[in-house]
Amino acid sequence: MRLFTDKMAAEKLEDPISERLHARILEISKIGRTENEGAKRMGYSKEESQAKDKVIEWMQEIGMQIRKDGAGNVFGTYQGEDSSKVFMAGSHIDTVPDGGHFDGAAGVLTALEIVTLWHEAGYTPKYDFEVVIFSDEEGSRFSSGLTGSRAFMGLMTEEELDKYRDPDGQTFDEVIRNIGSDRQQFLTAEGPGKQIAMYAEIHIEQAKQLEQKNLPVGIVSGIAGATRTKITFHGAAGHAGSTPMTERKDALVKASEFISTLPGIPKSISQTAVATVGKMSVSPGGVNVIPGEVELVVDARDINEENQSKLIQAVADHAQDIVHDSGITVETDLTTRVTPIPIDPEVIERMEASFKRHDLLPIHLPSGAGHDAMTVGTKFPVTMLFVRSIQGISHNPEEFTHIEDLTQAVKVLKDFFENL
Ligand SMILES: [Zn+2]
C-alpha cells in the first residue's frame, strides 16, 4: 500500500495551479502528520492553530487582511470593488484523529488559490472576497461538529458548551483558553457583520459517484439534514431454554425484522433519501435470555425538507407496522432534526454555465454529510462543489484526491465568482 507522500510524488502536475496546490497541501500535511502518514489536527489543538498560521502567511503574501473571531475562525479579506457585501469561500483545516490530508484543507487551499490567481492577474472581484478557515468542523474533540461555523452564525448555546469534555477530561472553557479566547468571546464570535452575497465550499466527495462516472468535479444539489429517531421495542425477557417458541415476545426478532426491511423505505420517498441503523442495544443482554427490550437509533437524511418529514414519518410507521399484533410494543422518539439546506436552482444554473465554459459535464450530487456550508446556508446563499475522491475513502490516511481534479474545481469556482 502506497503512503500519502508516495502518492503525492507520483502526481501529474501539468498546470501552475496544480504545482502550487500540490506544494501547499504537502506543507499543511506536515502539521500533525501521523506515523502512517495520516493527519491528526483536532479542533482547537496546537496542530490546528499551526495549520491556520501557515495559511495566514500565504494570505499575507498576497496582501490579504487577516482577522480572527472568538471561535478561532480565520478570515482573510481580499479587497473587492464594493465592500458593502462579501463573497466568502473556505472550509476547515482540522481533521479527525487518523484522517487524511484533503478533507477540509482542500477547501481552504482552493479558495486561497482563487485569490492568488486574481492577485497575479490584477483582477478585482465585485465584492470583498474572504477566505475563511472555520474551527473544529469535525468535532472530534468534543463529539460535536461544525463548532466554528455554528459560533460564527450564532447557533451555539451555553448548555451545549457546558456538556463538552474532551478525551483528556478538559472542559470547553479550558480548551478555548488555549487559543487565547474564552467562552464569552466564543459565544459572541463576530458573525458575518455584513451580507454574505455567496458562500462557496469546495470539498472532497467522500463517496464514489464522481469516480464511477469518471468526472473530476460535481455540483452539490443540496445538503442533507440528519435526523435521529430512537426506536425502542418492548417485549418480554424470559429463559432461552424453558420458554416455548410460541410464547415469546422477543424484542430483538422484531427489531431485526425492522432493520432488514428499513432499506426499502428511503427509496419509496426520494432518490436522495437514506436511512441507517448504526447503533443498537439489547437488554438484558444475556446469552441465555430472550431479549426483552431493544433500543436502536435510525439516522435518516434527505436534502429536501418535505421529503425529510415524510421519511421521519415513514420510519416511525414502519416500526409500528412491524410490531402489529405481535404483543411487542414500540416507542419512537425523534431526538435530532437538522434542517436540510437546499441550493438555489438559480445558483446551480450559474454553476452549470461555469462548468460548460470549462468543458466539464455539470453533474449534480446530493451531500449526505454536513459541512460548514450547511451552517452558513441557514441564512445566506451557498454553493458547494465536490471533487472526486479515490475509492470514496475519507476520514482515513488512505484518503486521496488528484491535484489536477482540485485544479479543475478552482477554475470552475473562480469563473463562477467572476460571473456572479
Ligand atoms: Zn470536511
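Positions taken from UniProt are given in the numbering used here, and such annotations may be inferred rather than shown by experiment. With that reservation, the unreviewed UniProt entry places the feature "binding site" at R228, N288 and R301, and these positions are examined here in a model that is predicted. The annotated residues span 74 residues in sequence, and because the farthest two of their C-alpha atoms are 36.7 Å apart, they do not all gather at one spot. Of these residues, R228 and R301 are included in the lining of the largest pocket.

The surroundings of R301 and N288 can be described in turn. R301 lies in strand β11, which comprises residues 293–302, and at a relative accessibility of 18% R301 counts as buried, the cut-off for this class being under 20%. Leaving aside residues up to four places away in sequence, R301 touches A224, G225, A226, R228, T272, A273, V274, L311, G368 and A369, so that another annotated position, R228, is among the contacts of R301. N288, by contrast, is placed in the loop between β9 (274–283) and β10 (289–290), where it is partly exposed, with a relative accessible area of 44%. With residues up to four places away in sequence again not counted, N288 touches G238, H239 and A240. The loop between β9 and β10 also holds P284, and the peptide bond from S283 to P284 is cis, with omega near 5 degrees.

Strand β11 belongs to an open sheet of 4 strands in the order β9-β11-β7-β12, in which the pairing is antiparallel. The edges are taken by β9 and β12 (329–337), and since each has a single partner strand, one side of each is left without a neighbour in the sheet. Neighbouring strands of this sheet are turned against each other by 20 degrees on average, with direction ignored. Between β9 and β11, which run antiparallel, there are 9 bridges, and S281 stands opposite E295 in β11. Two helices are described against these strands. Helix α10 (residues 251–261) lies across β7 (225–234), β9 and β11, running at about 15 degrees to β11, while helix α12 (residues 305–323) packs on the sheet, touching β7, β9, β11 and β12, with its direction making about 160 degrees with that of β12.

As to the nonpolar interior, the largest core has 81 residues, and those with the most contacts inside this core are V55, F102, F129, Y199, L385, L413 and F417. Helix α4 (residues 105–121) supplies the largest share of this core, with 10 residues. Apart from this core lies another, of 21 residues, among them F233, V294, A300 and V330. Within the largest core, L385 may serve as an example of the packing: when residues up to four places away in sequence are not counted, L385 touches E201, I202, H203, V217, G218, I219, V220, M351, F355, A409, V412 and L413.

Two loop residues remain to be noted for their backbone. Phi of L146 is near 55 degrees, a positive value in a residue other than glycine; L146 is found in the loop between β4 (127–134) and α5 (147–152) and, at 15% relative accessibility, counts as buried. Phi of N214 is likewise near 55 degrees and positive in a residue other than glycine, but N214, which is found in the loop between α9 (209–213) and β6 (217–223), counts as exposed at 59% relative accessibility.

Note on methods. Residues are numbered from 1 along each chain as its sequence is written. This is a predicted model: local features need pLDDT of at least 70, side-chain atom pairs count only at pLDDT 80 or more; totals for chains, interfaces and linings use all residues. Side-chain values use heavy atoms; hydrogens and water are left out. A nonpolar core is a set of buried Ala, Val, Leu, Ile, Met, Phe, Trp, Tyr and Cys residues joined through side-chain atoms within 4.5 Å. Buried means under 20% relative accessible area, exposed over 50%, partly exposed in between (1.4 Å probe, protein chains only). Contact means heavy atoms within 4.5 Å. On a 1 Å grid over the protein atoms alone, a cavity is a set of points where a 1.4 Å probe fits but cannot get out, and a pocket is an open set with protein on both sides within 12 Å along at least five of seven lines; lining residues have an atom within 4 Å of a point. Two strands pair if DSSP finds at least two bridges between them. Axes are lines fitted to C-alpha atoms, for helices over the stretch in contact, and angles run from 0 to 180 degrees between N-to-C directions.
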